[in-house]
Amino acid sequence: MSKSLFDPIKIGIVSISDRASTGVYEDKGLPALQEWLSKALHNPITFEPRLIPDEKARISATLIELVEAGCSLVLTTGGTGPALRDVTPEATLAVADKEMPGFGEQMRQISLKFVPTAILSRQVAVIRGQSLIINLPGQPKSIAETLEGLKDAQGQAVVHGIFAAVPYCVDLIGGPYMETRDEVCKAFRPKAAIRPAR
C-alpha cells in the first residue's frame, strides 16, 4: 500500500531527564520512542522531539506547546517514579482536560510481570483538547513492553499493550485514523469504527 492511503499524523515525543538534557549521558528515550512508533504504524509520521529537564513548569509548557502545534499524540518518557525530582505525572495532570486512568493501570500490570517495584511507577494519561498525552516508563525495554504488550511463544497476546487502545482513543477525540502493523501491535476498534479497506 502506498503511504498516501494513510492519514499523516504528528506525534510529540518528550524525554524528561535532568542528566540527559544537560549532556551528562546520552538520551535513549527519544530514539526508542521514534523507532517503536515507526515500526508500529503505517501512517506517515512527523515527529516533534523534545529533551527537557525534570522541571514541572517546563514539562507542562512543553506539553501545551506540542498540543498547540497539532500533535494528536504526545508520549513522554522519564520522571514517573517516587524520587523528589520525578514530577512528570504532576506536570501532565496540570494541563489535562480529562484523565484516562486505564492507561497507567495497564502499564503497571505489564511491568509487574517483570518487577515488583512496578507499583512505584506513577504514569498517567490525559486528554488535552484533541490530543492524547501518555507518560511512559524511562527504560527503552519498558517502553516497548508497555506499548506492545506481552506475547507468548506463538506470538499471541498474553497481556495487551496500551497502544492497542490508542488509535480508537485518538478517533474519539477527533484525531487522524491511525493504522497499526498487526505483527507489532494490533489496534482494537469496535466493528462500526473500522474504516473499510481501500
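**A tour of the predicted chain**

Begin with the whole protein chain shown as a surface: its accessible area comes to about 9800 Å², and carbon and sulfur atoms hold 56% of that area. The model is a predicted one.

Keep the whole chain selected and switch to the C-alpha trace. Along the principal axes, the C-alpha atoms of the protein chain fill a box of roughly 50 × 40 × 30 Å. The radius of gyration is 16 Å, which agrees with the value near 16 Å that a compact globule of 198 residues would have. Of the 198 residues, 46% count as buried. Among the contacts in the chain with a separation of 6 or more, 70% join residues 24 or more positions apart.

Next, colour by secondary structure; seven helices and eight strands appear in the protein chain. Select the open sheet, in which six strands follow the order 2-1-3-6-5-4 with mixed pairing. At its edges, select strand 2 (45-52) and strand 4 (98-99), each of which pairs on one side only.

Move then to residues 73-77 and residues 131-136, which are strand 3 and strand 6. These two strands pair in the parallel sense over five bridges. To locate one bridge, select Thr 77 together with its partner in strand 6, Leu 136.

Finally, select residues 29-40, which make up helix 2. Which strands does helix 2 lie across? Helix 2 lies across strand 1 (9-16), strand 2, strand 3 and strand 6. Relative to strand 1, helix 2 runs at about 150°.

Terms used:
Residues are numbered from 1 along each chain as its sequence is written. This is a predicted model: local features need pLDDT of at least 70, side-chain atom pairs count only at pLDDT 80 or more; totals for chains, interfaces and linings use all residues. Side-chain values use heavy atoms; hydrogens and water are left out. Two strands pair if DSSP finds at least two bridges between them. Helices (H or I, at least four residues) and strands (E, at least two) are DSSP runs, numbered from the N terminus. Contact means heavy atoms within 4.5 Å. Axes are lines fitted to C-alpha atoms, for helices over the stretch in contact, and angles run from 0 to 180 degrees between N-to-C directions. The radius of gyration is taken over C-alpha atoms; the globule rule is 2.2 Å times the number of residues to the power 0.38. Buried means under 20% relative accessible area, exposed over 50%, partly exposed in between (1.4 Å probe, protein chains only). Accessible areas come from the Shrake-Rupley method with a 1.4 Å probe; for residues, only the protein chains shown count as cover.
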